[in-house]
Amino acid sequence: MGKVVLVTGANKGIGFEVSRQLARAGFTVLLGARDGARGNEAASQLKSEGLDVRFVMADLRHAAECGATLARQIGEEFGQLDALVNNAGIVDQGDGLPSTVTAEAMRNIFETNFFGTVLLTQPLLPLLLAAASANIVNVSSGLGSLETNSDASGPFYHAKLLAYNASKAALNMFTVNLAYELRDTKTKVNSVSPGYVATDMTGHNGMLTVEQGAVEIVRMAQLPEDGPTGGFFSVEGIWPW
Ligand code: NAP
């Protein structure tokens, strides 16, 4: 049987391109989106390119319910999940410096970027463990790195979005803690920083194309059984925590 991957937040941006590249690599792609119309349209586009891509509902604001439904559906149809790309994420206009960030922005961002990701992953773990070898890729950000945030000589030193940066640091902790829990299994867990990518999230100001931003995520979703786990990577190599 072919390999199956679920990509969240896949109706546009980096997730859409990751879906395309993994489908081209031979995966059956479950294209997760929170909106049925947008998800179906994106899946139809990739299907029209001859790729095996199906829309599935994956709303991180209702992650536990969506995860349980997905686990049932994927279990019935495939019996396993070879890769999970936790890509969905948001920014919020109320984010900013510690003195001004709003409570609403902090709650919104953590709800999707951290709580949603953890709660969607939990019910899918038995299917990942049922695969011969599996990969979980958490799409983090260089802005989630404490070291990057502290590096006055770095290009992103002034990008102080407390809620977003903290949500990605929390996501990185999920990576490390889950990798520890799964250390004696064949499921690996890693964080990836895609770089500064031109998408709706960045107002298309990023320096990288979605094709470039997808590269490391796609590679980490296909790591062999003896690949690394519990790490933080970018296309340039290991990223500092
Ligand atoms: P994007 O174009 O804004 O895409 C974000 C995706 O997440 C969309 O499909 C969006 O769906 C989905 N999403 C948002 N809230 C969701 C929810 N509650 N449930 C399910 N899906 C939801 O952004 P992107 O640049 O591709 O970002 C993808 C990932 O890369 C994010 O985790 C982001 O933090 C990370 N990242 C991006 C950059 C960058 O430079 N672009 C840098 C570092 C990290 P809708 O269309 O329905 O809103």
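**Figure 1. Asp59 and its partner Arg61.** Asp59 has a relative accessible area of 9% and so counts as buried (under 20% relative accessible area, with exposed meaning over 50% and partly exposed in between; 1.4 Å probe, protein chains only). Its partner Arg61 is partly exposed at 44%. The two form a salt bridge (a side-chain nitrogen of Lys or Arg within 4 Å of a carboxyl oxygen of Asp or Glu), and their closest N and O atoms are 3.0 Å apart. Please keep in mind that this is a predicted model, in which local features need pLDDT of at least 70, side-chain atom pairs count only at pLDDT 80 or more, and totals for chains, interfaces and linings use all residues. Residues are numbered from 1 along each chain as its sequence is written, and side-chain values use heavy atoms, leaving out hydrogens and water.

**Figure 2. Arg54 with Glu77.** Here a salt bridge joins Arg54 to Glu77, with 2.7 Å between the closest N and O atoms. Arg54 sits in strand β3 (residues 53–57) and Glu77 in helix α3 (residues 63–77), so this pair ties together parts 23 residues apart in sequence. Both elements are DSSP runs numbered from the N terminus: helices are H or I with at least four residues, strands are E with at least two.

**Figure 3. Arg54 with Asp52.** Arg54 also forms a salt bridge with Asp52, where the closest N and O atoms are 3.4 Å apart. Arg54 is partly exposed at 29% relative accessibility, and Asp52 is partly exposed too, at 34%.

**Figure 4. A salt-bridge network.** Salt bridges link Glu17, Arg20 and Glu49 in a network. Searching the whole structure gives eight salt bridges.
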